[in-house]
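Got your viewer open? Let's take a short walk through this structure, one selection at a time.

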Amino acid sequence: MVPLGDSAAYVEFSTTLDLDVNSVVQRLGLVILKRNVPWVRDVVPALGGLALHFDPDHAEFPAKPLDEALALVTDCMKPALAAKNNPGSEVELPVCYEPEF
């Protein structure tokens with residue numbers, strides 16, 4: 001985990017495009033969001049990593065945010081990996097490529 005300034009951190013799982021890794025990253029992001037950690041402002045999954053944005057002004061902001069963020073990610077990995085058979089919902093978006101709509 002590397003800091004991104006004083007209010008965010010990034011954990012990288014892969015430096016290459018790997019759809020299996022991306023699937024885990026997406027599920028991990030959802031698991032972390034569902035934890036509703038009060039000092040985590042936002043969770044931003046990327047192709048091969050995950051950014052956690054913090055609220056340093058929150059009353060429950062930890063003294064060592066990187067250590068706590070790493071513990072959070074580590075704790076959420078098992079449920080994220082277990083959710084492999086539950087990919088979420090599929091959304092179908094209609095698209096029209098004809099000039100007249």
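In which loop is N36 found? Select N36 and look at what flanks it: N36 lies in the loop between α1 (19-35) and β3. By the way, you're looking at a predicted model. Check the backbone here, since the phi of N36 is near 50°, a positive value in a residue that isn't glycine. For context, most residues other than glycine have a negative phi. N36 has 61% relative accessibility, and because exposed means over 50%, N36 counts as exposed.

Next, select residues 40-45, which make up strand β3. Follow the chain onward from β3, and a hairpin of three residues takes you to β4. The two strands, β3 and β4, pair in the antiparallel sense over five bridges. To see one of these bridges, pick V43 and its partner in β4, L52.

Now highlight β4 itself, residues 49-54. What lies across from β4 besides β3? Try residues 8-12: that's strand β2, which pairs with β4 in the antiparallel sense over five bridges. Here, click on Y10 and then on its bridge partner in β4, A51. Is β4 largely enclosed or open? Five of its six residues are buried, so β4 is largely enclosed by the rest of the structure.

Last stop: a pair of cysteines. Select C76, which is buried, with a relative accessible area of 0%. Then jump to C96, which is partly exposed at 36% relative accessible area. Looking for disulfides? A search of the whole structure finds zero.

Technical notes
Residues are numbered from 1 along each chain as its sequence is written. This is a predicted model: local features need pLDDT of at least 70, side-chain atom pairs count only at pLDDT 80 or more; totals for chains, interfaces and linings use all residues. Side-chain values use heavy atoms; hydrogens and water are left out. Buried means under 20% relative accessible area, exposed over 50%, partly exposed in between (1.4 Å probe, protein chains only). Helices (H or I, at least four residues) and strands (E, at least two) are DSSP runs, numbered from the N terminus. Two strands pair if DSSP finds at least two bridges between them. A disulfide is a pair of cysteine sulfur atoms within 2.5 Å.
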